[in-house]
Amino acid sequence: TSSTICSGNAASLTASGATTYNWSNSATTSSISVSPSTTTSYTVTGTSNGCTNAKVAPVTVKATPTVAVSNATICSGNSASLNASGATTYSWNSGATTSSISVSPTTNTTYTVLGITNGCTGAKTVNVTVKTTPTVVVTSQTICAGNVAILNASGATTYSWSSGATTASVSVSPSSNATYTVTGTTNGCANSKTTNVTVNPLP
């Protein structure tokens, strides 16, 4: 019998009608398992009572798609775009059937995509690493006009204030009510917090 397989798989060829068998790959059983990398024909010679007959069994090999998709790293609360290529249609373990998907995991997560071309399936696993986005804390301040307010940010590794300062603590002396924003960054993940400084006029 003939057979069609996807590359990397095996085909089972079974001969019948004779007493003994001799295959072109030197096998002598009635059934053989073969895994050719390209389309190949196998010849089996059957013998009964000293009489022989031969039969050719072609094995057609279809290419299994090589699916490509890159790992991703995101900050918690963000999303990652996973783009698969190398096949005709796709099926993700998340249920999506498009080549590209957007995911927003809260912890490190593995996704698997199956790529299908001409009935042959290739698989690829991709990892999405989730880094923690810092929670920046800074309190509001109330001062009297002409005084100084100390604003202290915490929760991150480095800081950047809307005033241009890059320290965790800043001193400000607004003449009227003012709003300040600080962006805290840890391991490349950033979060911002806004604080108010209320200025009470002098009597």
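Here are legends for four close-up views of this predicted model.

**View 1. A four-stranded open sheet holds β1, β6, β5 and β3.** Read across the sheet, the strands come in the order β1-β6-β5-β3, and their pairing is mixed. At the edges you will find β1 (3–6) and β3 (20–23), each of which pairs on one side only. Going between neighbouring strands, the average turn is 25°, with direction ignored.

**View 2. Strand β3 meets strand β5.** Four bridges link β3 with β5 (residues 40–48), and the two pair in the antiparallel sense. To follow one bridge, start at tryptophan 23 and look for its partner in β5, valine 44.

**View 3. Here is the largest pocket, with a volume of about 240 Å³.** Its lining is made of 18 residues, and those closest to the centre are Ala15, Ser16, Val44, Asn53 and Lys55. Strands β3, β5 and β6 (51–62) each supply at least two residues of the lining. Sorted by class, the lining has eight nonpolar, nine polar and one charged residues.

**View 4. Another open sheet of four strands has the order β7-β12-β11-β9.** The pairing in this sheet is mixed. Strands β7 (72–75) and β9 (89–92) stand at the edges with a single partner strand each, so one side of each has no neighbour in the sheet. From one strand to the next, the twist averages 25°. Where does β7 find valine 128, the bridge partner of alanine 72? Valine 128 sits in β12, a strand covering residues 120–131 that runs parallel to β7 and is joined to it by four bridges.

How values were computed
Residues are numbered from 1 along each chain as its sequence is written. This is a predicted model: local features need pLDDT of at least 70, side-chain atom pairs count only at pLDDT 80 or more; totals for chains, interfaces and linings use all residues. Side-chain values use heavy atoms; hydrogens and water are left out. Two strands pair if DSSP finds at least two bridges between them. Axes are lines fitted to C-alpha atoms, for helices over the stretch in contact, and angles run from 0 to 180 degrees between N-to-C directions. On a 1 Å grid over the protein atoms alone, a cavity is a set of points where a 1.4 Å probe fits but cannot get out, and a pocket is an open set with protein on both sides within 12 Å along at least five of seven lines; lining residues have an atom within 4 Å of a point. Grid points are joined across faces, edges and corners, and a volume is the space filled by probe spheres set on the points. Ala, Val, Leu, Ile, Met, Phe, Trp, Tyr, Cys and Pro count as nonpolar, Asp, Glu, Lys and Arg as charged, and the others, Gly among them, as polar.
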